[in-house]
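Work through the exercises below with the model open. Try each task before reading its solution.

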Amino acid sequence: TEIFAPIDGIVVERNVDVGQTVAANLSAPQHFLIAKDLSRMQILASVAESDIGSIREEQPVTFTVQAWPSDTFTGTVKKVRLQSTTTDNIVSYTVVIEVANPDGKLLPGMTASVDFITGDARNVLTVPNAALRFRPTEAMIASVRAQPGGAGLGVHVLDRAARRRELVGAHRGI
């Protein structure tokens with residue numbers, strides 16, 4: 001008997017060997033797993049219920065695989081499946097991510113670490129977090145006050161704000 005596949009593609013998994021007897025029955029066993037086209041692939045990502053609210057269709061994602069640790073790949077969320085699974089009291093949902101694989105680096109069965117891009121901002125000022133926690137010492141404050149020009153920048157800013165309040169109050173007749 002000859003067995004023909006319904007599609008052309010690449011055999012990813014073969015469960016029978018040439019010459020092996022295959023029983024015909026009502027349930028259809030899987031003899032071969034065939035991938036139609038490896039230039040377009042999907043990632044089935046498991047997302048916890050606490051994070052699923054920020055996932056939407058057409059959302060961009062980036063991911064890495066262990067085989068190519070220095071490469072970052074991109075994809076797009078195509079579907080959020082509604083069927084949940086519970087493992088160790090953690091509810092998760094499957095998110096289908098579509099990925100282009102033109103150079104064939106990605107292979108079936110690879111494990112991907114996915115980052116969902118939930119928002120971005122462009123042309124913004126970034127400041128190291130440590131700068132936000134900066135507290136000047138008394139010596140630093142004294143050094144700034146001793147500089148030519150008076151009491152230092154911080155005091156001038158406060159004085160201008162107080163002066164503005166005085167002018168606004170005088171204008172309103174307060």
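## Fold and contacts

Residues 24 or more positions apart account for 53% of the contacts in the chain with a separation of 6 or more. Contact means heavy atoms within 4.5 Å. The model is predicted: local features need pLDDT of at least 70, side-chain atom pairs count only at pLDDT 80 or more, and totals for chains, interfaces and linings use all residues. Residues are numbered from 1 along each chain as its sequence is written, and side-chain values use heavy atoms, with hydrogens and water left out.

**Exercise 1.** State how many helices and strands the chain has, and give their order.

*Solution.* Start with the rule: helices (H or I, at least four residues) and strands (E, at least two) are DSSP runs, numbered from the N terminus. The chain has four helices and seven strands. Read from the N terminus, the elements run β-β-β-α-β-β-β-β-α-α-α. Next, take burial, where buried means under 20% relative accessible area, exposed over 50%, and partly exposed in between (1.4 Å probe, protein chains only). Of the 174 residues in the chain, 15% are buried.

**Exercise 2.** Trace the open sheet and find which strands stand at its edges.

*Solution.* Two strands pair if DSSP finds at least two bridges between them. Five strands form the open sheet, in the order β3-β6-β5-β4-β7, with antiparallel pairing. β3 and β7 (112–116) are the edge strands; each has a single partner, so one side of each is left without a neighbour in the sheet. From one strand to the next, the twist averages 40°. For that angle, axes are lines fitted to C-alpha atoms, for helices over the stretch in contact, and angles run from 0 to 180 degrees between N-to-C directions.

**Exercise 3.** Examine the pairing of β5 and β6, then the loop between them.

*Solution.* β5 (residues 68–87) and β6 (residues 90–100) pair in the antiparallel sense over nine bridges. Thr87 stands opposite Ile90 in β6. Asn89 sits in the loop between β5 and β6. Its phi is near 65°, a positive value in a residue other than glycine. Asn89 is exposed, with a relative accessible area of 74%. Now move to Gln83, in strand β5. Gln83 is exposed as well, at 61% relative accessible area. Leaving aside neighbours within four places in sequence, Gln83 is in contact with Ser92 and Tyr93. Gln83 and Thr94 are 11 residues apart in sequence and 7.6 Å apart in space, C-alpha to C-alpha.

**Exercise 4.** Buried or exposed: classify Glu58 and Gln59.

*Solution.* Glu58 lies in the loop between α1 (49–52) and β4, and so does Gln59. Glu58 has 52% relative accessibility and counts as exposed. Phi of Glu58 is near 70°, a positive value in a residue other than glycine. Gln59 has 0% relative accessibility and counts as buried. Not counting residues up to four places away in sequence, Gln59 touches Ser54, Gly75, Thr76, Val77, Phe116, Ile117 and Thr118.

**Exercise 5.** Describe the lining of the largest pocket.

*Solution.* A pocket, on a 1 Å grid over the protein atoms alone, is an open set of points where a 1.4 Å probe fits, with protein on both sides within 12 Å along at least five of seven lines; lining residues have an atom within 4 Å of a point. The largest pocket is lined by 13 residues, and Met41, Gln42, Ile43, Gly109 and Met110 lie nearest its centre. β3 gives the most to this lining, with four residues.
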